[in-house]
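Trainee: Please take one part of this model and go through it closely. Start from one spot, then work outwards.

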Amino acid sequence: MKKILFVFCLVLFVTGFAAAQVRAGGTLYVATKTVDLKSGTGFFASNRGKLNYGDRVTVIQVSGKFVEVRSAANTSVTGWTATANLTTKQVVAGTASTASAREVALAGKGFNQEVEQSYRNQQRNLNYADVDRVETITVNEADLRRFLEEGRLSMGDN
């Protein structure tokens, strides 16, 4: 029981520490290939702008898992995104690298060739071709909206 309580307290501490990293006025960096900034926190909120990997932003406000940010390069670009798209670590995209922007973004989140190789060694039956194929599937917004409406599913926030 003491171990469970200790783990629970540790999780709360780490979660609180991570949340403290994202605060109004703080500086964050885009940790994904691109980020669409939205007018609100909902999936169907309109796009206000786009940021690229490594772009610096200033936090305007935080709401749960979402953060409203302002681009440091163009202060007229503001909008909401998930905190998972951002990092407190300064990201520098090298020009001499042969890695793709996608690979660089994954490495920024801790996934690199060594990590992939360790997965391949541990799980020999993993099929990365299927993962690559699934990543290419896209659904347009109108079809997704119709699917949610017909299924009487939540549309989320706006």
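Mentor: Start with a term: two residues are in contact when heavy atoms of theirs lie within 4.5 Å. This is a predicted model, where local features need pLDDT of at least 70 and side-chain atom pairs count only at pLDDT 80 or more, while totals for chains, interfaces and linings use all residues. Residues are numbered from 1 along each chain as its sequence is written, and side-chain values use heavy atoms, with hydrogens and water left out.

Our spot is Val62. Leave aside its neighbours within four places in sequence, and Val62 is in contact with Val22, Arg23 and Val67. Look at Val22 on the screen. Val62 and Val22 are 40 residues apart along the chain, yet their C-alpha atoms are separated by 7.4 Å.

Val62 lies in strand 4. Strands (E, at least two residues) and helices (H or I, at least four) are DSSP runs, numbered from the N terminus. Is Val62 buried or exposed? Neither: Val62 counts as partly exposed, because its relative accessibility is 37%. The cut-offs are these: buried is under 20% relative accessible area, exposed is over 50%, and partly exposed is in between, using a 1.4 Å probe and protein chains only.

Now step inwards. Two contacts of Val62, Val22 and Val67, belong to the largest nonpolar core. A nonpolar core is a set of buried Ala, Val, Leu, Ile, Met, Phe, Trp, Tyr and Cys residues, joined through side-chain atoms within 4.5 Å. This one has 12 residues: Val22, Leu28, Val30, Val35, Leu37, Leu51, Val57, Val59, Val67, Val69, Val77 and Leu86. Which elements give two or more residues to it? They are strand 1 (27-30), strand 2 (34-38), strand 4 (56-63) and strand 5 (66-71).

Take Val69 as one core member. Again skip the neighbours within four places in sequence. Val69 then touches Leu37, Leu51, Val57, Thr58, Val59, Ile60, Val77, Thr78, Gly79 and Leu86. Among these partners, Leu37, Leu51, Val57, Val59, Val77 and Leu86 are core residues too.

Next, the charged side chains around strand 2. Lys50 forms a salt bridge with Asp36, with the closest N and O atoms 3.8 Å apart. Lys50 lies in strand 3 (residues 47-52) and Asp36 in strand 2, so the pair ties together parts that are 14 residues apart in sequence. A salt bridge needs a side-chain nitrogen of Lys or Arg within 4 Å of a carboxyl oxygen of Asp or Glu. Asp36 counts as partly exposed, because its relative accessibility is 36%. The structure holds four salt bridges.

Move on to the rings. There is one aromatic pair. The ring centres of Phe43 and Phe44 are 5.1 Å apart and the planes stand at 90°, so the pair is edge-to-face. For the rule, rings of Phe, Tyr and Trp (its six-membered ring) pair if their centres lie within 6.5 Å; planes under 30 degrees apart are stacked, over 60 edge-to-face, and the rest tilted. Phe43 is exposed at 53% relative accessible area, whereas Phe44 is buried at 11%.

Each ring has a charge over it. The charged end of Lys38 sits over the ring of Phe43, 6.0 Å from its centre. Arg145 lies over the face of Phe44, 4.1 Å from the ring centre. To count, NZ of Lys or CZ of Arg must be within 6 Å of the ring centre and within 35 degrees of the ring normal.

Follow Arg145 into helix 5. Glu141 and Arg145 make a salt bridge, the closest N and O atoms being 3.7 Å apart. The two are four residues apart in this helix, so about one helical turn separates them. Glu141 is partly exposed at 42%, and Arg145 is partly exposed at 31%. Asp143 and Arg146 meet in another salt bridge, 2.8 Å from N to O. They are three residues apart in helix 5, about one turn. Asp143 is partly exposed at 33%, and so is Arg146 at 43%.

Just past this helix, Arg152 is found in the segment after helix 5 (141-150). Arg152 has a positive phi of about 50°, although it is not a glycine. Arg152 counts as exposed, because its relative accessibility is 79%.

Finally, zoom out. The protein has five helices and seven strands. From the N terminus they run α-β-β-β-β-β-β-β-α-α-α-α. Of its 158 residues, 23% count as buried.
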